[in-house]
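Here's a quick walk through the side chains of one protein model. Have the structure open and follow along.

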Amino acid sequence: MKIDSIQNGIVLDHIMAGKAMLVYKYLELDKLNCSVAIIKNAASHKMGRKDILKIDHPDYDINLDILGYVDPGITVSVIKDGATVEKKKVGLPERIVNVVKCKNPRCITTTEQGIKQIFKLTDPEKRTYRCIYCEAENQGEQIKW
């Protein structure tokens, strides 16, 4: 299989095998007008198997909080003129804003319009986030599509 390298854009590497489509959906990559390569179950010395996303868009502003929420082990490489100019390791974000919605029907965010959906990390081991308004729990990617 041959996947061309990108000249200007972003490579998301070390995605846990099987999570590339989840990252794709959370980042809303379907709305971009550029090439996006999804490589699933690639061999990896470090992980056994991994997924990779290549986004051929020079001005794409990646949301690291979304990446950290979905899979904190992702590596982000910024590519300019065919060379890697920056590499970032993603981790669990302390706060996520407008990434997931509170599932508590009595939360102010579901009854009032225009309020940001803000969750704080309360248990890094279990990847548990809680709504800052009502303390409703959200673990990992429990969102329904």
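## Cysteines, charges and rings

Let's start with Cys 107, which counts as buried because its relative accessibility is just 1%, under the 20% cut-off. This is a predicted model, by the way. Cys 107 is in no disulfide: the nearest cysteine sulfur belongs to Cys 131 and sits 3.7 Å away, while a disulfide needs the two sulfurs within 2.5 Å.

Cys 102 tells a similar story. Its nearest cysteine sulfur is that of Cys 134, 3.5 Å away, and Cys 102 is in no disulfide either. At 7% relative accessibility, Cys 102 is buried too. How many disulfides does the count come to? The count comes to zero.

Now for the charged side chains. Side chains of opposite charge can pair when their charged atoms come close. How many salt bridges does the count come to here? The answer is five, and the table lists some of them.

| Salt bridge | Closest N to O distance |
|---|---|
| Lys 50 and Asp 13 | 2.9 Å |
| Lys 88 and Glu 86 | 3.7 Å |
| Lys 120 and Glu 135 | 3.2 Å |

Take Lys 50 and Asp 13 to begin with. Lys 50 is in strand S3 (residues 48-56) and Asp 13 is in strand S1 (residues 9-16), so their salt bridge ties together parts that are 37 residues apart in sequence. Are these two buried or exposed? Both Lys 50 and Asp 13 are buried.

The bridge between Lys 120 and Glu 135 also links distant parts of the chain. Lys 120 belongs to strand S7 (residues 118-123), Glu 135 belongs to the loop between S8 and S9, and 15 residues separate them. Lys 120 is partly exposed, with a relative accessible area of 32%, and Glu 135 is partly exposed as well, at 36%.

As for the remaining pair in the table, Lys 88 is partly exposed at 27% relative accessibility. Its partner Glu 86 is partly exposed at 38%.

On to the rings: the structure holds two aromatic pairs. In one of them, the rings of Tyr 26 and Tyr 69 have centres 5.9 Å apart and planes at 65°, so this pair is edge-to-face. Tyr 26 comes from helix H1 (residues 20-26) and Tyr 69 from helix H2 (residues 64-70), so the pair ties together parts 43 residues apart in sequence. Both Tyr 26 and Tyr 69 are buried. Which residues do the ring pairs link into a cluster? They are Tyr 26, Tyr 69 and Tyr 129.

Out at the surface, Ile 108, Ile 132 and Tyr 133 make a nonpolar patch of about 240 Å². Ile 132 sits in the loop between strand S8 (128-131) and strand S9 (137-139). With a relative accessible area of 35%, Ile 132 is partly exposed.

One last stop is Gly 73, found in the loop between H2 and strand S4 (75-80). Gly 73 is partly exposed, with a relative accessible area of 26%. Leaving aside residues up to four places away in sequence, what does Gly 73 touch? Its contacts are His 14, Lys 89 and Val 90. Phe 119 is 46 residues from Gly 73 along the chain, and the C-alpha atoms of the two are separated by 20 Å.

Key. Residues numbered from 1 in each chain as written. Predicted model: local features only at pLDDT ≥ 70, side-chain atom pairs only at ≥ 80, totals over all residues. Heavy atoms only, no water. Phe/Tyr/Trp six-rings, centres within 6.5 Å; stacked < 30°, edge-to-face > 60°. Helix = DSSP H or I, 4+ residues; strand = E, 2+ residues; numbered from the N terminus. Buried < 20%, exposed > 50% of the residue type's maximum accessible area, 1.4 Å probe, protein only. Contact = heavy atoms within 4.5 Å. Patch = residues over 30% accessible without salt bridge, like charges linked within 9 Å, V, L, I, M, F, W, Y side chains within 5 Å. Areas by Shrake-Rupley, 256 points an atom, 1.4 Å probe, with all protein chains shown as cover. Salt bridge = Lys/Arg side-chain N within 4 Å of Asp/Glu carboxyl O.
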